[in-house]
Amino acid sequence: LRDAPAPWPPLLLWAGLLTLVLALDDLIMLHEAAAFAPWSGVLIAAVYGLAVLRFVVRFRDEILRDLDPGLLLLAVGSLGVSLVTDLIDPTPASLLVEDGAKLLGLVSWSAFVVRSILRAFASSRAGAVDDAVASAPAQPARNTAHRDLDRLT
């Protein structure tokens with residue numbers, strides 16, 4: 001996608017970095033309050049929230065014009081529900097809600113990122129076709145008599 005139009009490479013880089021950080025956080029459970037101090041989980045969640053907000057603000061026009069803002073809203077909302085549910089005392093019901101919301105958020109985020117990648121590829125290919133058409137030598141116009149003669153022979 002080096003030749004992709006302007007918004008796609010940075011948008012995909014941001015989406016990839018957010019995905020990587022959130023996956024690593026979930027893997028090593030950095031967001032858990034026991035990791036550093038009682039308030040560290042809230043601080044880390046705030047940093048993640050600010051990063052996602054920055055992503056949305058930075059690529060607002062592209063998201064609204066070319067992507068599916070509903071998927072992004074579903075992903076952020078579901079992950080937010082999972083985060084809030086994680087802060088309350090665990091019960092079987094709260095664990096079910098937390099894990100269900102996290103799964104819905106991950107699936108929605110993954111679908112959003114995959115759709116972004118597909119859209120970037122389509123945009124890149126369309127740009128390559130436009131460039132090829134623009135650089136093709138112009139064919140001289142042939143009059144109708146020549147075309148009719150060509151058909152007969």
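Hi everyone! Let's start with a count: there are 4 salt bridges here. Keep in mind that this is a predicted model.

Let me take you through some of those bridges. Aspartate 66 pairs with arginine 65, and their closest N and O atoms are 3.2 Å apart. Aspartate 66 also forms a salt bridge with arginine 119, where the closest N and O atoms are again 3.2 Å apart. What does that second pair tie together? Aspartate 66 sits in helix 3 and arginine 119 in helix 5, so the bridge links parts that are 53 residues apart in sequence.

Now on to arginine 115, which makes a salt bridge with aspartate 68, with 4.0 Å between the closest N and O atoms. Arginine 115 belongs to helix 5, while aspartate 68 is in the loop between helix 3 and helix 4, so this pair joins parts 47 residues apart in sequence. Through shared partners, Arg65, Asp66 and Arg119 become one network.

Are these arginines buried or exposed? Arginine 65 has 54% relative accessibility, so it counts as exposed, the cut-off being over 50%. Arginine 119, at 36%, is partly exposed, and so is arginine 115, at 47%.

Back to aspartate 68, because it has a second job to show you: it caps the N-terminal end of helix 4, with a side-chain oxygen 3.2 Å from the backbone nitrogen of glycine 70. Helix 4 itself runs over residues 69–87. At 1.5 Å a residue, its 19 residues should span 27 Å, and the end C-alpha atoms are indeed 27 Å apart. Its buried residues include Leu71, Leu72 and Ala75. Thanks for listening!

Key: Residues numbered from 1 in each chain as written. Predicted model: local features only at pLDDT ≥ 70, side-chain atom pairs only at ≥ 80, totals over all residues. Heavy atoms only, no water. Helix = DSSP H or I, 4+ residues; strand = E, 2+ residues; numbered from the N terminus. Expected span 1.5 Å × (residues − 1). Buried < 20%, exposed > 50% of the residue type's maximum accessible area, 1.4 Å probe, protein only. Polar contact = N/O pair within 3.5 Å; in protein donor to acceptor, adjacent residues only side chain to side chain. Salt bridge = Lys/Arg side-chain N within 4 Å of Asp/Glu carboxyl O.
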